[in-house]
Structure formats: structure tokens, C-alpha cells
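Let's walk through this one by asking how each label is earned.

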Amino acid sequence: MGAVAWFAAATLLTGLARGADPDLAERAEAMHVWSAADGLPSDSVRAILQTRDGFLWLGTSAGLVRFDSVKFTEMNLAASATNNPVRVTALCENSDGHLWIGTQQQGLFELNRGKARHFTMAQELLDDHITSLAADPLGSVWIGSPSGLNLWTGGGFKSFTTRDGLPDKFVAGVNVARSGTVWITTRVGMCRFIHGRIEPYAFQTRSQGRSPEYLGVYEDRTGNLWAFGDTYLINLSEGKRLNYFRSSEPPSVRIWSLCEGRDGRLWIGTSGGGLFCFEDNRFRPVILGEDRRPYDVRALCEDQEGNLWLGTSGGGLIQLRPQSVRIVRAEQGLPTGPPTALALDAGGRIYVGMQHGGLFVGESRRFDRLGGDDGWEAQNLLTSVCVAGDGTVWAGTLGDGLYALRNGRSIHFTTADGLADDTVLVVCADRDRSVWAGTSAGTVHRFARENWTRFDTAQGLPGTPVTAMIPSAAGGLWLGTRDGRILREKDGTFSSIAAVGDSGRRAVLALYEGERGRLWVGTDGGGLTCLTDGSKWSWNTTNGLPSDIVAAVTEDRARNLWLATGAGIYRVRRADLHKAFDPGRGPLVCQWISDAKTLPDSAAVGGGTRALTAPDGALWFATSGGVLNVDARRSEIEPAAFPVYIESATFNRQPPISLLQGASGSSVVTNRVPFGAPAEVRSLEIHFTALNFTAPEEIRFRHKLEGFDPEWVEDGRVRSARYGRLPYGRYRFRVAARNGDGRWREAAETFTFVVPTPLYFQGWAIAVYALAVVALIAGLVRMVSHRRLRVALVRLEQQQSLERERMRIARDMHDEMGSKLTKISFLSEHAQVEAKSAGPLAGKIATIAQTSRELLKTMDEIVWVVNPRNDTLENLAAYLADYAVEYFQNTRIECELRLPREIPQHPLSSETRHNLFLAFEEALNNVLKHAAATGVKVEMSVTDGQFELTVTDNGGGFAPSGAADGPDLNGRGGNGLKNMRQRLTAIGGDCLVSSRPGLGTTVTLRIQLKKGSSGEL
């Protein structure tokens, strides 16, 4: 059924002769009114249009606004340099999505992507007063005016006047039918544009004195052609005049607009009579508002959700929302107070048991007291109701036993008749036409024909009150008890199946056997349980259930699950229900339908059915606020996907940037090209919306700014997000919305923007910085290296100068002093020969000769040290080897040499050679003088950047004292070892002495060799 038909719950129509249906006036909450106080530019709304993007556009006498169900956004058309408001008369959208706006005396506007083009008579319009607009499937726009007809084809305007076949130059309306025919109405007649020309269309109004002025035409979905003038409606296809509004009186009702609903009804807006509905060849007035005043309806529009919008002259904007949920009021015959039980008979009639007031029966429109105005005996404290297969109505009471009513005859059962207790909590009829009654005493009674049977603990009952009972599809009964047990009855025997609720202590309020044999169990505080295939599944407020009180369970025709809870009426879609049984399931997804709560009386927990599905598909619920009727067949229960939009963004409190892509949107922002934000973002405000006109108050939002927000941010009903300072980088703003069904719908378009990197952080700047740093480092390195090079050159020059000086000294010493010492040695030896005596003189001459020879040897050593040609490790090793052999020549000590195969040409300073030589000489001297050795071994090695020189003798050894200046060999005191260590320490080396008495002594001299072939040690 179409959405417009849903207004039956809110605006049921009756004929003029019968007056208004009482259900119409009391449904005032289905009507919403907006006025200038709510943001409308004016209370006079002359045109309404919903564009394909879902926004509602309103043309008023003070301008054009866009409506998103919450706020009005005024569009500045800038018609002139003055501040005169634009008086909008007509709206239409062409196939390109452009919005066309007709005005009174201010020409025509085209709104496309936030930019408005203005057309006047200067651009070949016939008149600046636009009376009507219509767009055809080719994208052309037809413009009616008091001076004729214009056609916009994209490149300019074509004009049509009386010369081209118009009956009159005043064009009152233009309509493009679904068949493609363009219908044109003028003050004196109607015509159509077909096959490229205007053809007249004649008809007879059959009315004397009636002016056809303000004539309009409309072609409905079935192809019927309707014409309306100021006071009449005619079906031109059938040639029928259907009604003249108050034809016997002066014309007080004038038709302004006509709209076809989805179900084919025609809605007619008038002045003087308000809103009418034409259906089944009858006119039905629609009462608007509690005061029932006839609004002056000038514009009509049905939106995509089935809401009907009325533009009025002076009354603002009116919305009539489709209603599928209603409480049955007193006007329908039910008394005030909460119902306790519901039942259905074979004819589809509804039985309602009241806590106070008795039992009522009826259908959706009207309920009557069972038994007439006087009722029947069971008037108060009804707990449960059922209708047996033979039509007998059974009712249990709280303290007054059990009643049965058939064909006007009442039967009353109490304890006097064999009932175990007069408090009957639940009654039900099984598939064998037997009736069962459960009492607070824990007994169950079965009534079959003229016999009845009592069951108690002997047949397996637990002895606790039975609070719920239903027949099983497989035969027998399902029972629930006050202490939370589930029982199964089969052939008069009761067996316990399971315990539900909190440790089996929660009373069972409802049982329902649904699809696939699933047994649904509602409890008083223990949530919802399902028993299926031997398994038990439970839900409560911790995993999706809105309330732990589930007083009723039923299914609709589509097998969706409906719950009456302590938080309201909820529905679980069949698809979501299947997911709830999957392994690793999430929470139960419950969709809110109504806030009508079902809270059973704690004094009499239990009772009859509180929810049922009628044969016509309607759902009925017994709630604390009354009987609730839900038409589950209507698509409003399945909320349509609503669009979500990001409307605008404001950087640093500057003028906002439109982010919509429709007629009013801006073309500078798309998902493909990120928007360039200001270089410094101090503040950002983004507005968004969701187009849900049926229930905008249910919409909730959340947003996420990727690049800033780590998670989604919940906004509730707020439709904007604000940020402070944002660092540079790329961002993407996303927004999502949900309604009562709980499913999030994300906006199709996101807002991507880039906060540019500051100049000093941009790539080229960083490259410049890097080059500058590299250049600086290179300059510093160059400067340091040049300085080092200069120092090295100076040092090298000094070294070369020193080496030259050393060469000169070594040469002079060798040539001058060496020759003179050689001469002294020669003369002294010659004198000794000539003396031929052994007297004192000969001894002195011998001493002089010996001393001169020693001086000559010492001078050779000094010359070797001073000579820079010997500043290598190879020369040092060769010299030390020769020196050791020569040192022990002509002595009793045998000297053994061990030299490495290859000795590198490593440079050594003269200081290093000098100290190493003196330490080596001291070691040889100790061996010769103190060790009492017969052999000595001299070893040299070069390993791992070290030169090691070892002197090992086989003498008597000694016991080292451990002191740095300990005794020399054989216990003698002295500074030999100390001097050796100091000399090696001075050149960065080590002197190690190892000795044990009787095992000889080992002296190790070790120096570090610098890396590289050009350095010195």
C-alpha cells in the first residue's frame, strides 16, 4: 500500500454528509507545523519541491529556503542591488539536477552547484512574473507567465503566444505528463504541446457563471486526465464532472494545487476549505490541527518517505507524517486503564481484557463491551483471555475464579466447583479444543466438553504458580512458572525442560513458539531466552536487549520478532535474528518502534497473552498505556536508507564553504581533489545533516577526522563538529548517522582537505636546509682539513728540518768526534806498546785506550739513535739483534735469537727507538751481571699491531716483591726495573718482568704500532 494511505491513522477522511471521523482529530501529533518563528522567511509558502538529493525546497513570499527536517537554510538569489525579498511562485528540477525558481516580478533563476543565474525580460523572457514551471525528460524547462509561454532548451528561450496557438496569453499552469505531453492551461482554455506545436483541447464544464480561471491539469499514474478550475474537478478522460465545491453558494473554496499520492489518491489543496482527499469518486476533508481550522493550502508535495507537505498562505509549512503505530483511545470504545490480556477469535476479532472494566471485543476502529453496556459477570481483575475452537470465550480473574461465555450464556467456576484456587493466572486453548487454566496454587485444570480434569504435583507439576501457557505445534502444551521453570505437557504428564532467568528465579511472563520450533521465553527481569534444538540462548541488557523485562513475544508475517518490554516495543529483524545464533555472535539488534512500555502488575505476575498477530498482519500489544496497534505491513516499519551529507566547512571563522554537490552545493570540493585549506588552521567547524523527515528526532551522528581523531566521535543529535588548531598534513572528514534501527549509514561524500606545509617546512625548503647544512659541514671539514694540513705541513717541515739537523749532528759526530776518538784510541794503544812496562804509566795508558774504545762504542750508539735513516721498526729490530750478539760475544753466555720472517717498514720516532733500546740494553746488562745465566734467548714478534721484545735467561731468578721499584736481580737494590718501566710507559708501551727463584727471568718489552704506514709511534 502506498505511503499516502498511511495518513488514515493520522487524518482519516469522511464524507461531508457524515462529518469527521473522531480518530482524525485526536491524531494531532501526526501533524507538524513550522512558521517564521522556526526559521521560515515567511509564513506564506507558495511552492514545495523535493529534489533528487533528498532536500526539501520551499518557495515563500520572502525568499527560497532549503530544509533538511531540522533547519532552514536560506538561499541568497541576489535578484537586485536592493534588499527586496524574492517572492517565489514556482519551483522545478530539470533532468540535469538544476533547480529553477520562478518569482513574482523578479524573473527566473537557475541554481546549479551553488551558483545562481538570473533571467529577466532582458534575456528574452516574455514576463518577469512567473506563474508556473515544468521540466520535461529532455532537460528543457517550460515557463508560464501572464504574457505567454517560454521554453528553455539550454542555449536560450523560445517564446509562444496567442500567435502560436495559445488560447490566451495568460498561462496559469504548465504540466509535463508521464506520457511526455505538455499540458498548458490559460485563463480561457486548455491546450497541449505535441508534435512540435500547440493544439487546443476543448472540454465543457457544464456550469453557468463559473469562471475557468486558475485552471490546472494533471495526468495521473493510470493515464486519467484531471482538470481543475477555481471551484471544480473534472475527469477529462471519462468526461465526468465529479464535484463542484459548494456549487449552490458563492464561490468560497478555490483549488490551488493537486498532488497524487503513491496509492493513487488525489490530494487537493484549497483556500477556504483546506485539504481534501479524492478517493472512490468521493471528496473527503482532512481536519488539520486540534482547532480544526481550514488552512489556506497553496502547495502540496509528497516526499520520498511518504510524508505529505502543505504550503499555506499565512499558516506556514505543515507536515503530515505517516503513522503505523497508534494507541486505541477511549473514542474507539476502550476504557482508560491498562489492558491485561489479548485474544483472537476465528473471525479475526480482538478481545481485550482490562484490569478494571471487563472484557471488550472489536476490530481496529471500534471496540464494544462484551455482553453489552451492562457487561457480564467478569468485570474486574481479568488476568487472561482465550477463545476456544467452539467460539467460547474464557477469562481468568484475580480472585474470582474462571468464566466462560458462549452464545450469551455465562458459566462461572470457583473453588466451590473444584478449582484449586480462585486466582486463575492463565488460560489457553489447545489444538484439540480443550481449555486449560493455571492457578496460583500451582495446579492446572483441563476443560474438555463436559468434563474437566485437575493436575498437580502427582502429574509432574512443581507446585509453583503457572504464569504462562501456550499450545505446542507438536501437540500438548508449553508452560512457564513463577520461579522460572519451563515445562512440557504431553498426554497429561508434565516434565521440566529448563530453567530460565537469573538462577531460575525470574517469573515467566510470555511464551511463544516461533519459526523452526523455537520456543521464546520472556521473563520478569531475566531477559529473553530461546530454547531450540536442545540448546538455550539468552539475552539481557548486557548483550543488546533494551530491558530485562520481556512481557510479550510474537512474530509478524515476515518472521520478524516483536518484543513488548519494560522499555517499549521493539522489533528484531529476521536477518539479525539469524545472526544472533551464529558462533561468536554480537549483541541482539533491537529496533525501537514505540515507547509504550509493558510492565505487568507485580501483585499478579503472569497472565494471558500480551501480544498477538491478527490475520490481516496487524500486531496488537497490551501495554501500560493502553492497547497498541501496529500495522507491520507498511514499509515505514522498515526505515528507508536516508542520505547523509556534509554540508559546509568553515576555516578560521571565515565564510563557510559549501560541500554539497547538488543544486545548492559548491563545485570546488570533490573527493578526487583535496581542498586546499589555509596555511594556518586555527579553527575548523563542519556542519552535516541526515535527511530523515519522518523521525528526525531519532537521528544520531558520529564523525571522524582521519589524521586527527583515532576513533569515531559520538555527537548525539548535534549536527556539527568543531576543531581547534590543526597541524599541517592531509585530513579526511567522515560522518555517519543512524536512526532507531541502530545501523550506521555513512555519508557517500567525504571532505578531504590538506593543511599546507609551512614554507619553512616544505620540501624545497628542507632541501635548501640540507644543502646549506651539507655546505656548512663541507666548509667546516674543508677548513679543519686545511688547518690540519697546514699543521701537518708545518710539523712535516719541522720534522724534516729536525731530521736534517739530526743527520748533520750524526754526520758531525761520526766525522769529527768519531775520528778524534779513533785517533785517541789508536795513540793510546800505540803508546801502550811503546811503553813496554807494567808500571803506573802503562796502566793509565791502558785505561785511556779502554775508555776511548767505550766512548767510541757509545758514540756509535748515539749516532744510530740520532740518524733519521734508522727510524723504522725493521732497522730497530736488526740493530737490536746485532747488538745482543755483540754484547754477549767473548762471554760465557750463549745468545739465541728468534726473529720474525717479515718485519714491516713501520716508522718509529727516535724517542721510541731510544727508550726501547735503553730498556733492552738494561735487560741484557742484568742478564750479564746479575743472572748468573749460561744462556739467553732474545725473541721478537709483530702481532695485532704490537711489537714485542722478550729477553729470557736461564739464571737464578728472583722473587719479585710486587713493588714498582722492587729489587733488581739477585735481590740487589737499584732502579733498573723501575727505569725500564718508566721508559716503556713514556712511549705508550709496557714492561713486564716474570721471574721465580731457580727458574730464570723473562723481561717482555711491548709497544703499540700505530695504524697506517705513514704514522709514527
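Q: Leaving aside neighbours within four places in sequence, which residues is Val-521 in contact with?

A: This is a predicted model, and in it Val-521 touches Ile-486, Val-500, Val-508, Ala-510, Leu-511, Gly-527, Leu-528 and Thr-529. Val-521 itself sits in strand E47, residues 519-523.

Q: Why is Val-521 called buried?

A: Its relative accessibility is 0%, and the cut-off for buried is under 20%. Val-521 therefore counts as buried.

Q: How far apart are Val-521 and Ile-486, in sequence and in space?

A: They are 35 residues apart along the chain, and their C-alpha atoms are 8.7 Å apart. The two are nonetheless in contact, a label that goes by heavy atoms within 4.5 Å.

Q: What makes H8 a helix with a buried side?

A: Start with the buried residues of H8: Gly-976, Leu-977, Met-980 and Leu-984. They span an arc of only 95° around the axis, so they lie on the same side of H8. On the face turned away from that side you find Thr-985 and Ala-986, which are exposed; that label takes over 50% relative accessible area.

Q: What do the buried residues of H8 pack against?

A: They pack against H7, strand E70 (990-995) and E71. After H8 comes Gly-988, with a positive phi near 80°.

Q: Which residues touch the most other members of the largest nonpolar core?

A: Phe-920, Leu-924 and Leu-1005 do, in a core of 40 residues. Helices H6 (873-887), H7 (910-930) and H8 (976-986) each supply at least two residues, and so do strands E68 (935-943), E69 (946-953) and E71 (1001-1008). H6 gives the largest share, 9 residues.

Q: Which residues does Phe-920 touch, not counting those up to four places away in sequence?

A: Phe-920 touches Leu-880, Tyr-883, Ala-884, Val-938, Leu-949, Val-951 and Leu-1005. There's also a second, separate core of 30 residues, with Ala-299, Trp-309, Leu-691 and Phe-693 among them.

Q: How do you know that strand E7 is covered on both faces?

A: Look at each side in turn: Leu-99, Ile-101 and Thr-103 on one, Trp-100 and Gly-102 on the other, and all are buried. That fits the count for residues 99-103, where 5 of 5 are buried.

Q: What makes E6 and E7 a pair of strands?

A: Pairing takes at least two bridges, and 5 bridges join E6 (residues 88-93) to E7, running antiparallel. One of the partners is easy to find: Ala-90 bridges to Gly-102 in E7. Between the strands of this hairpin are 5 residues, and Gly-97 has a positive phi near 85°.

Q: How do you know that E7 also pairs with E8?

A: There are 4 bridges between E7 and E8 (residues 108-112), again in the antiparallel sense, set against a cut-off of at least two. Leu-99 has Leu-111 in E8 as its bridge partner. This hairpin has 4 residues between its strands, and here Gln-105 takes the positive phi, near 70°.

Q: What makes E22 and E25 edge strands?

A: Each pairs on one side only. The open sheet runs E22-E23-E24-E25 with antiparallel pairing, and its neighbouring strands are turned by 30° against each other on average, direction ignored. E25 (282-286) pairs with E24 (residues 275-279) over 5 bridges, and Glu-279 stands opposite Arg-282.

How values were computed
Residues are numbered from 1 along each chain as its sequence is written. This is a predicted model: local features need pLDDT of at least 70, side-chain atom pairs count only at pLDDT 80 or more; totals for chains, interfaces and linings use all residues. Side-chain values use heavy atoms; hydrogens and water are left out. A nonpolar core is a set of buried Ala, Val, Leu, Ile, Met, Phe, Trp, Tyr and Cys residues joined through side-chain atoms within 4.5 Å. Buried means under 20% relative accessible area, exposed over 50%, partly exposed in between (1.4 Å probe, protein chains only). The arc is that of the directions from the helix axis to the C-beta atoms. Axes are lines fitted to C-alpha atoms, for helices over the stretch in contact, and angles run from 0 to 180 degrees between N-to-C directions.
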